[in-house]
Amino acid sequence: MNSNIATTSAYIDLIRTRTPLPLGRLLRAYRMEAKFEMLSALRTASFALPFIIVPIAIYLLFGVVINGDVDQTSGLGAGVHNYLFSGFSAMAVMMPGIFIGVILATERDSGLLNLKRSLPQPPGATIIAKVLMSMGVSAIALTLVVVAALIAGKITLSSTQVATIWLVLVIGAIPFTAIGLLIGSLVSASAAPAYGNLIFLPMLWLSGLFIPLPAFLKHWVVIWPAFHLNQLALGLAGVEQFTFIPPALAGAVLVGVTVICGGIAIRRLARVG
Amino acid sequence: MNSSHRLHALDAARGFALLLGIVLHATMSFFTIIPAQDVSQSTTLAVTFYVIHLFRMSLFFLIAGFFAHLAFHRRGLRAFIKDRAQRIVVPMTAGWLLLAPPTIAAVIWGMSKSFPDGLPQGIDAATSAPQGFPLVHLWFLYYLCLFYALTLAWRVGVVALFDRSGKLCAHVDTLVTFALTHRLAPVLLAAPTFLILQSDAAWPVWFGIHTPDTGFLPQLPALVAFGTAFVFGWLLNRQAALLGVLERQWSFHLAMAIGLTAVCLVIVGPTPSATTPTIVPGGEVMRFLYAGSYALATWHWVFGLIGAALRFCAKESAVRRYVADGSYWMYLAHMPIVFGLQAAMMQVPLHWTLKFPLIVLITLVILLSSYHYLVRPSFIGELLNGRKYPRHRQTTTGTVLADATNPARNDSGPIVVAQLSDVSKRYGTSTALDHVSLAVQPGELLAVLGPNGAGKTTAIGLWLGTHEPDQGIVRLMGASPRDVHSRLGVGVMLQEVHLAPELSAREHIELTASYYRDPLSIDDAIALAGIAPIAHQRYGRLSGGQKRQVQFAAAICGRPQLLFLDEPTVGLDIAARETMWRTIRRLRDQGCAIVLTTHYLEEAETLSDRVVVMAKGRVIAQGSVTEMRALVARKRVSCASVIAVDDIKSWTGVVDAIRENDRVHVTTVDAETLVRRLLATDQGLSHLEVKQASLADAFTELTREAA
């Protein structure tokens, strides 16, 4: 009889442990994951620092100092500064997203992901935290570029247009994060930087973000997500001079990239870890 | 190379020929008007088409003939006919009914988009539109049936009636061997095609063998050209050793093929003539030269590609095998997709260098996913490839959820919090777990012992849902471990995990605690694990032992009902280990079940209620610590003695004897008899010592027996 009571109480204990987390605690778990992901990234100097400093430095160097008179030399008028601004801004959101693959690959290699899959971590928390982190780092880098552009005084955009570009680009970090997650879910930590660069560098130079392309490469800009993000930002901000494709098309391509890369990454992380 | 390797290579080559067909048809809108005329026209794609078209079907029919002979002789006439009916005739008929209407619709759509006002002047509508009965791309199956019928008729009629002695066949074999080894085969095989092309006034010169897709009446050029290939394939299988000759000659044939193709293209031009399709520029001599080069190039391509496949694709590869299996379905189904995409995209202002790869890519994605999800696991795959591959292995894995509302109750048995029932797990060829059954009850501390590679960590991975079993049932808290709710009551400390180095110990515990419903306070977890002094330090700066303590704190912070500790005390100093042991005992006393793997036997001896010994993926013993010891009720007798160990080994009851300098160590099942005899034999014996075998001895004994 006694043992029956003990069994029953143990049984009730077990049922209790299986009860799902209340919503508040569930949301808190996601929030903590994101918070510590962000903290960890900001404390990792080799990750956060270049992604925050490099875009503003490059913008100031190539967008303001060296090409300060591009409005007179290019034949594109004062609007060309807006294009440069948006191009360098797009670069700012590409980097943290793509190179998040390195962090993910490191976590896979170090067994951390396997541990989290063993723990009752809420589903998708790792990925959501990484997406939010990359948007956060992008937002910081982007804000610096915006401030630099406003102070340099080269751009002729209204404040609404600047805000639109800022917002579109921060959200636009998501497809690049999906690419990064795909890299991180497939390759080892030591190979991830190489793969990241293999995608980042050609995309940077060949998307027509800020470098005039030779004619035979112009057809090919459409294969790079960075081109579409730039087009989406410019299109939604109403910068007609530099809107070459409908924003809806650019958006659709970015959604496609997110779904395909993110989908494969999530599937692989869930199955293989 | 053995014969099955050669078959893999030929299978790969056949798949290659079929998949090239998808590329071939995808080029068409970029230089012809069928199925649509793209806004971006391309000479490069025209040349691509030309080259592929030159050899593709001959390559296919040769391999088809090869496999036909193989199957005919393996299965016999009746089974062969039945098999061909199932895998060729049924797909042809069903495929035509399903595929011809959308394919023809795509062509009509594309052409009406290209020429809204009717076909332009100078283009003969009669040669470009389907006429008679449109076989579409399935004509190749129809011709395959014709070739089967003709060859079987010849085989069963002529050969069986008039060549009983086999003399004729032997002569043919000699001829084939001679032609191949002397590199004359392309010339001999090209001759019939050359004659047919040369004498055909309606020969569409640029397109080579005119595709016979417009009716059931066999067309002579196709019948001769592809029939030669089929028959030669059939003969080649009679002497499969000749494949070795082709393998050695691959580079010669490919070089010849490229040279002859260049000659052909120079003569006829890189794109087809829309106005004079049957005229070779340059007159009769050029026509003669062109027909010869064309027929010869075909055969050099065929031999070069087969040789290259034998040379480079003979090793069995899972990917190649998959693609080769899938190619039949993909080729059957591709036509409406390719033509539909060409028609849909013809006016999109993209350069052909983008549009063409995009069409091929979209087509391949659709075809591969349809193959993977719809065909391979279903009766269609069985019909086309002779077998089906179930998408999910047919096992009762942990995903078989017992009802989640009645979790841990195991019918009428005791409550179990974690269970493996007859579980097996393999990695490649090595077996990590072999029919293992283990159950953990609430409040018990189970120690899992075993040498490296015994399967301990795999067992934990299965319990936690990070691995899936190949066979058997895994339950955690009464349900699948893949369900996150099953893990809400579980704490985990794994081996070789590196937590984020930039976060502090405290932050790691805070993060892990957030996963649980009712965790300990962070301070309590820190105190229990004894890590207060290092709680604010960055994890990356801690020593190995300190890191293990932080991981332990994270494992217990959720007030688990079940705790997995995989080698928890490795690298700890004595004080830290004592603290951890104390906490483990306390948790157990509070009703937490603990699964502990360890190399330290004294740890198991000190802590555990029950011990499981594993070796080579199997449970070789389980019971309480005392039972384990009793299982090996042996004693160790040591002494300083001059008696030779070989003599001692022959005494009754002695299991083993070794000498270490002047001391002798003897393992025995009967210590008293042994001691008496030792003392009687050696008067000078000293330093006598008798010990109960420890758990370590028992363990070593058991695992040695298992190995």
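This is a short chat about a predicted model, covering how chain A meets chain B and some aromatic pairs.

Me: Hi! How many residues does each chain bring to the contact?
Reply: Chain A brings 44 residues to the contact, and chain B brings 52 residues.

Me: And what area is buried between chain A and chain B?
Reply: About 4,200 Å² is buried between the two chains, with 61% of that area coming from carbon and sulfur atoms.

Me: Why quote an area at all?
Reply: Interface size is often given that way, as the accessible area lost when the parts come together.

Me: Okay. How many salt bridges are there between chain A and chain B?
Reply: The count is one salt bridge. Arg43(A) forms a salt bridge with Glu507(B), and their closest N and O atoms are 2.8 Å apart.

Me: What about polar contacts across that interface?
Reply: Eleven residue pairs are in polar contact there, with both residues of a pair at pLDDT 80 or more.

Me: Which helices of chain A touch chain B?
Reply: Helix 1 (2–18), helix 2 (23–43), helix 6 (112–118) and helix 13 (247–271) of chain A each supply at least two residues to the side that touches chain B. Helix 2 of chain A gives the largest share, ten residues.

Me: How do the residues on that side of chain A divide into nonpolar, polar and charged?
Reply: There are 21 nonpolar, eleven polar and twelve charged residues on the side of chain A that touches chain B.

Me: New topic: how many aromatic pairs does the structure hold?
Reply: Over all chains, the structure holds 45 aromatic pairs. One of them joins Trp139(B) and Tyr143(B), an edge-to-face pair at 5.7 Å centre to centre with 80 degrees between the planes.

Me: Where do Trp139(B) and Tyr143(B) lie?
Reply: Both are in helix 5 (residues 139–162) of chain B, four residues apart, about one turn of the helix.

Me: Why does Trp139(B) count as buried?
Reply: Trp139(B) counts as buried because its relative accessibility is 6%, which is under the 20% cut-off. Tyr143(B) is buried too, at 0% relative accessibility.

Me: What can you tell me about the pair of Phe232(B) and Trp299(B)?
Reply: Phe232(B) and Trp299(B) also form an edge-to-face pair, 6.1 Å centre to centre and 80 degrees between the planes. This pair links distant parts of the chain, 67 residues apart: Phe232(B) sits in helix 8 (residues 220–238) of chain B and Trp299(B) in helix 11 (residues 283–312) of chain B.

Me: Last one: are Phe232(B) and Trp299(B) buried or exposed?
Reply: Phe232(B) and Trp299(B) are both buried.

Definitions and conventions
Residues numbered from 1 in each chain as written. Chains lettered and ligands numbered in written order. Predicted model: local features only at pLDDT ≥ 70, side-chain atom pairs only at ≥ 80, totals over all residues. Heavy atoms only, no water. Contact = heavy atoms within 4.5 Å. Buried area = accessible area lost by both parts, 1.4 Å probe. Salt bridge = Lys/Arg side-chain N within 4 Å of Asp/Glu carboxyl O. Polar contact = N/O pair within 3.5 Å; in protein donor to acceptor, adjacent residues only side chain to side chain. Nonpolar A, V, L, I, M, F, W, Y, C, P; charged D, E, K, R; others polar. Phe/Tyr/Trp six-rings, centres within 6.5 Å; stacked < 30°, edge-to-face > 60°. Buried < 20%, exposed > 50% of the residue type's maximum accessible area, 1.4 Å probe, protein only.
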